[in-house]
Amino acid sequence: MSLAVTAPEREPRAKAPQPILNDVVIKVATVNGSGSQSANLILMRSIFYMGVPVSGKNMFPSNIAGLPTWFTIRANQEGWLARRPDTDIMIAMNAQTAAEDIAELRPGAILLLNESLKGFLQREDLTTYVVPFDEMVKEACSEGRLRKMVVNILYVGVMAHLLGIEMTCVEKAIQRQFRGKAKAAELNLSAARYGFEWAQNHLKKQERFRLEPSRATEGKLIIEGNQAAAIGAVFGGAMLCAWYPITPSSSLCEAFIDYARRYRHDAQTGQATYAVVQAEDELASMALVVGAGWAGARAFTATAGPGISLMAELAGLAYFAEIPAVIIDVQRMGPSTGLPTRTSQGDMLKAYHLSHGDCRHVLLIPASMSECYEFTMAALNLAERLQTLVFVMTDLDLGMNSWMCDPLPEPSIPIERGKVLSVEALERLGGRFMRYKDVDGDGIAWRTLPGTAHPGAAYFTRGTGHTEAATYSEKNTDWKENMDRLARKFETARQLVPPPIIETEPGAEIGLLAFGSTDGALREARHLLESLQGLPTDYLRLRGLPVNEAVRGFIERHRVTYVVEQNRDGQVAALLHDEFPDLADRIQSILHYDGLPIYAQTIIDQLLIQEKENGRS
Amino acid sequence: MTTTAPAPARPAPREPEVNRIGLGRDYYKGLESTLCPGCGHDSITKSIIDAFFDMGVEPHVVAKLSGIGCSSKTNAYFLGQSHGFNAVHGRMAAIATGVSVANRKLLNIGVSGDGDTVSIGLGNFLHMVRRNVPLLYIIENNGCYGLTKGQFSATADKGSTLKTGVPNEMPPIDCCALAIQMGCGYVARSFSGDFKQVKALIEGALAHPGTSILDIVSPCITFNNHEGSTKSYRYAKTHEDPLHEIGFIPFFEPIRVEYDPGEVRVIDLPDGSRITLKKLSHDYDPTNRTQALELLHKAEKEMLFYTGLIYYERESRPMPDQVNLIDEPLATLPAERLRPSNADFAEIMETFQ
């Protein structure tokens, strides 16, 4: 087997006389805080409005203004929208990075270069368009103080000309971006038109890449995972959002605030059916969630790695005292402060075992926008059904980047409140209520809420040893029995988390196991392995922890299962080793952990190297 | 005598004492205390039981909250028919904030210690006060960590000594001054041995809609009751200087006595109850914030132990009102009131097209 599997379009591209249709990667290098994010979203959405599937990934600095930022747009008719690191068209607007930006291009790539950066151009193997943006903006925008913001929209117009993006689509995208801000919309519209017309008059249209109208985005949306999860929280009946601002989760809570403000006020009184508390730290935000969960509210927090580290003690309390709680962990690159604005799947093991002692938590792992939405609703339900902490493990790539998808399905999952005893039920029990007694054999005991008007309702919650009747106990047998029941409850959880999704190819001996935001790259890798190498693979997408028997079966059925994850230590692979020690020698890792989203080629490369090492090349 | 004297009128058989809602005192008790005999905390527990009994509070509406430490254990020793939550060290303030959102109809009482409140939990404590979370927060302040055998806490006075004689070199954190600065509208200091005062302060606090802070010096009989300690029984008894003689008239009792305004200040609470402050040697106005902070400043500087209602402000907008929370308990709202309509959903979806 050769190691030279590459994207199919690469080789023919250099020679192809025909333009490549609806398949291009554009990278925009700008300075953050300069309004480039709006311009980039408009460029992406213009392509979307033409009907061509598109994704946008923002590589931004942990900074407010003045540092380099990049935005990559991948347009692909077939819908392959994972990150592809090789850039077809570079828009270089930033002097700080121009040298690197130009150097990273492969021969034949297209460069749109701000004239002021001309000095950085040392290469002749690129198709370069030098554009005097700084001069053009003086013409396009009469107000000097706005020019810094407007200059970026000019390249949208220029790109529209070069790629064949319809200006009506650009205009629609601008209107959408500046909804309710007529003046800004007008300013940007005229600048985009100016850029387009300037390019028409001055630049010869390139023939390598062409965008043509398509219908592949009909009925689709572009949304960010944090927005989708916030919608899940609003429609899932979340009553408390307690949070402490941290990238990349802040926009989730802010979206919750926006939607809740609009849709979660009582029609009669105008009063809120939720509360948002911006806490003083993550200790407090988690304590608020636990306090609210204890008193019967559906509560969640959203955070990232440093936040879950601070929440660890309270996570153990939620586990041991059996209090519903939801943490949405929008993972970023750690350890420590790490790369706050880069993506990772590095919190998997930590979240699974968060806190001291024998502690295990339920993890839901969305891979798409609809799952970010549905798993947030499901987590609120599961937390109450299982009376425990449930994590939703997303990441920066899912949470903050732009994803094209079908409209989210209408909320159909019922709001489930779990085993809560009413006054009438307590009456029937006749004083036999025992908070931690496993009456149903599923490890989940019944609880009562504070405020229940029955003399037998009260019990005492504690993080210390307790009996079935919730009385304090240091007795060895009480302790062990309680821990065993908690383990039994975790067995129940295995059947309640979303089951994995398995896709197979005939004759596949290789299993690929992945989760979360890796999905797009993994699908593309499978497609390339199959179509270029004739190497079929099966795919199991893990959607929740603890794992269930379907995962064991999948590993058993394959000669080798590569666990693909975006962390250094193969955390989920380690967890699978732990769960299935008898299958450990069939589990190998494919790892990506540089902070940028994983791409298909890295999966292919690592798989083929390991196959060779396994004696299968 | 037994033969000649007329038989005395036989007293009527005594009815067991019940409060205004018909419950006996036992309903307000909890488990037997497991603290050291003579612990100041047990006196406070007794004051809590009496105050809740006298006020006729329904036990099931009470949520008892605590952190970790000797003081935090005491929640098990009162109101056995109320839900209790002994959480983790230092987080009671934030836990209580969550509870108050989940069910605003609950009457929250938090019992905590000085370590829980102003060492490990200082940040959360301050922010809870800032938010004006509806809660009676009692600090059973003994200046030391009892459960770990007597280390100094952050409220230990400068110069106070450990049992081993080692003096504390750092200034104490004054819970009352902090509470006032964070905007608390009901701030009191007391001494666990001053049963009557503690009880009246608790009763007054139950009528206050926001956060009430009661900083009660409560000697640790085992680790901080020695010569050299400024939180010992002897020290507290000999140094306590009440700002006033405090009385409490609940809203459901008629006012029988006319007070001379020159002698007694009357504080009207929002539920119609009244706190009466009879003048002693001081002429102290607890509604004057500046005076309250000056008093605390003087107390710290001159090592004085003033007790009583230190600051009161009637205007109090508790957190659930600040966030415009629905009047009913959130926790039991039916599902259909929590999920917006499909039309709302469609409206949101449209924005992503």
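**Exercise 1. Find the residue that B:Arg189 stands opposite in β13(B). Then describe how the two strands pair.**

Solution. B:Arg189 stands opposite B:Gly308. The model is predicted. Next, take the strands. β7 of chain B covers residues 186-191, and β13 of chain B covers residues 305-312. Four bridges join them. They run antiparallel.

**Exercise 2. Place β7(B) and β13(B) in their sheet, then explain what is special about the edges.**

Solution. Step one: read the order. Nine strands line up as β18(A)-β2(B)-β1(B)-β3(B)-β4(B)-β8(B)-β7(B)-β13(B)-β9(B). The sheet is open, and its pairing is mixed. Step two: look at the edges. β18 (460-462) of chain A and β9 (240-242) of chain B stand there. Each has a single partner strand, so one side of each lacks a neighbour in the sheet. Step three: add the twist. Neighbouring strands are turned by 20° against each other on average, direction ignored.

**Exercise 3. Check the span of helix α14 of chain A against the expected value, then decide whether the helix is mostly covered or uncovered.**

Solution. The helix holds residues 369-386, 18 in number. From first C-alpha to last, α14(A) reaches 25 Å. At 1.5 Å a residue, 26 Å is expected, so the two values are close. Now the cover: 17 of the 18 residues are buried, and α14(A) is mostly covered. Just after the helix, A:Gln387 takes a positive phi of about 50°.

**Exercise 4. Describe the contact of domain 1 (10-210) with domain 2 (223-405) in chain A.**

Solution. The domain centres are 35 Å apart, taken over C-alpha atoms. Domain 1 of chain A gives twelve residues to the contact, and domain 2 of chain A gives eight. On the domain 1 side, β3(A) gives the most, with five residues. By class, that side has seven nonpolar, four polar and one charged residues.

Conventions. Residues are numbered from 1 along each chain as its sequence is written. Chains are lettered from A and ligands numbered from 1 in the order in which they are written. This is a predicted model: local features need pLDDT of at least 70, side-chain atom pairs count only at pLDDT 80 or more; totals for chains, interfaces and linings use all residues. A residue is buried if 20 or more other C-beta atoms lie within 10 Å of its own, exposed if 12 or fewer, and partly exposed in between; C-beta atoms are placed from the backbone. Two strands pair if DSSP finds at least two bridges between them. Axes are lines fitted to C-alpha atoms, for helices over the stretch in contact, and angles run from 0 to 180 degrees between N-to-C directions. Domain bounds come from an automatic or database domain assignment. Two residues are in contact if their C-beta atoms, placed from the backbone, lie within 7 Å. Ala, Val, Leu, Ile, Met, Phe, Trp, Tyr, Cys and Pro count as nonpolar, Asp, Glu, Lys and Arg as charged, and the others, Gly among them, as polar.
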